[in-house]
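Here is a short tour in questions and answers. Look over the sequence and the model, then read on.

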Amino acid sequence: MAAGPGAPRVVLGVSGGIAAYKACEVLRLLTESGHDVVVVPTEAALNFVGAATWEALSGHPVSTDVWSDAAAVPHVRLGQSADLVLVAPATADLMARAVHGRADDLLAATLLTARCPVVMAPAMHTEMWEHPATVDNVAALRRRGILVLDPAVGRLTGSDSGRGRLPDPVELVAVARRVLARGVDGLRPDLSGRRVVISAGGTREPLDPVRYLGNRSSGRQGWALAQTALSRGAEVVLVAANVSLGDPAGAKVIRVGTAAQMHDAMRAEAAAADAVVMAAAVADFRPAVRHDTKVKKGGSDPEPLVLVRNADILAEISADKRPGQVVVGFAAETNDVLANGRAKLASKGCDLLVVNEVGDRRGFETADNEAVILDADGLALEVPRGPKEALADTVWDLVSARLSR
Ligand code: CTP
C-alpha cells in the first residue's frame, strides 16, 4: 500500500547488527499499514542488508551520511519532519553515540534533531546488554524520554541464547503504532503488579476427527490486548483457542481447542486475576455426538445435526466476581448494535462490554477495529476505527481506572 497524503512519517533507523534483516519485515509491515517510512541505516547496517533493499521496500532513497543530497539538509529535515523515529535494531554502539549526542552519521544526527517520540529496540549479545556501560546508557536514554524496549530472550547469532534478541517485527510495529497514537507517556506501566487473564481466538467444536464447527475469529484483538497489557506492566495469561500467532513475549499462553477446554482454563486462571477480558469467540453450542472416526457420506440422506449448549464462561466468571475484580466481555453484533449490547451487558453481568459490529470485512481477520464500550452506569464510549492496539489501550484505560478506585 502506498502511503497517502497525511500518512504518519516514520524514520526507521537500522544499526549494524544481524537483526537488521528483521527490520525489512518491520518496514514492510509499516508501509503496508499506510505509514510513510524513510530508512536511515548506519554504514555498519549495510553490511547486513544493502541500500537497494531499503530503497525498494520504502520507496525512498537511502543514505547513511549527512553529505548526500546536502542541499536538502537531510540531517535536520528528517528528524524535524518525522512523527516517530524507530531504531530497530539499536546496537550498543548506536545507543552509546546517542547518549553522547554524537552527530557522526545521518542516524545519530536525526536522533539529535528529532522532536517526535523515539523508540529504540536494542538487539545484541547478552554480555553487551548486561555490560555496565550499556546499562547506564539505556538508563540515560530512558531518563530523556526515549522508549527503550527490553530485548527478547532466545537464540542469538551463534549457537548461544539469552536476552538480546530483537522482539518480533509484529510486536515492534504494534508498539510503533501505539506510540504514534498515544505518545511515549501513553505507555506508562499503570498495570504493573496486576494479573490479567485474556481469552482470544475462536473455539472449534469437533464433529469427527477431521471436521468442526468454528468461527472466523483470528485472535488478533486478544493478542493486541495481551501485548498492550504487557507493555503497561501487567502479568498476562492468554488463553488462546486456535490462534496461529506466536506467543507474545512475556505472556503465559495456554492453548486450547474447544469451548469446554477454554471454560476450564479460564475458570482456573480467573480466580486469581485482577481483571478478566473475554475477547474470544466461544461457540454457544457443540455437536451432541463427537464421532471417533470420520463420518462417511454413504448413500442415504445426512442425519440432522443435534447440538447441545456450552457453558457461558463470561456469565459464570461475572457471577463469581471478587470485590475489586474487573470483568470485561466482548460482543459481536451484526445489527441493532447498541440495543443488543445493552441487553448483553445486563444478561452477562460483566463490568464493561466492548461491542463490535461484525460482518463481511468488519471485525474479523483485520488489523483494525471499531467499537462502542458500554458499562452499567450508562457509559457508551465510541472508539473510532483504528488499530486493534488502540482499542486494547482504551479497554485498559477503563480497567486501570476501575482497579484503582
Ligand atoms: N462468551 C462466553 N461463553 C460462551 C459464549 C460467549 O464466555 N459460551 C463470551 C464471549 O467471549 C464474549 C461474550 O460472551 O465476551 C459475548 O459473546 P457473543 O458471541 O457476542 O454473545 P453470545 O453470548 O454468544 O450471545 P448471542 O450469540 O446470542 O449474541
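**Ligand and core**

Q: Which atoms of F330 lie 2.9 Å from an oxygen atom of the ligand?
A: This is a predicted model, where local features need pLDDT of at least 70, side-chain atom pairs need 80 or more, and totals for chains, interfaces and linings use all residues. Residues are numbered from 1 along each chain as written, and side-chain values use heavy atoms, without hydrogens or water. A polar contact is a pair of N or O atoms within 3.5 Å. In F330, the atom 2.9 Å from the ligand oxygen is a backbone N or O atom.

Q: Which residue has a side-chain N or O atom 2.7 Å from an oxygen atom of the ligand?
A: M278 also lies 2.7 Å from a ligand oxygen, but through a backbone N or O atom. The side-chain atom belongs to K344.

Q: How much of the ligand does the protein bury?
A: Accessible areas come from the Shrake-Rupley method with a 1.4 Å probe. Alone, the ligand exposes 570 Å². The share of that buried by the protein is 77%.

Q: Which element supplies the largest share of the largest nonpolar core?
A: A nonpolar core joins buried (under 20% relative accessible area, 1.4 Å probe, protein chains only) Ala, Val, Leu, Ile, Met, Phe, Trp, Tyr and Cys residues through side-chain atoms within 4.5 Å. The largest has 35 residues, and I198, L225, V236, W396 and V399 touch the most other members. Elements supplying at least two residues each include β8 (195-201) and α13 (388-403); helices (H or I, at least four residues) and strands (E, at least two) are DSSP runs, numbered from the N terminus. The largest share, seven residues, comes from α13.

Key: Buried < 20%, exposed > 50% of the residue type's maximum accessible area, 1.4 Å probe, protein only. Polar contact = N/O pair within 3.5 Å; in protein donor to acceptor, adjacent residues only side chain to side chain.
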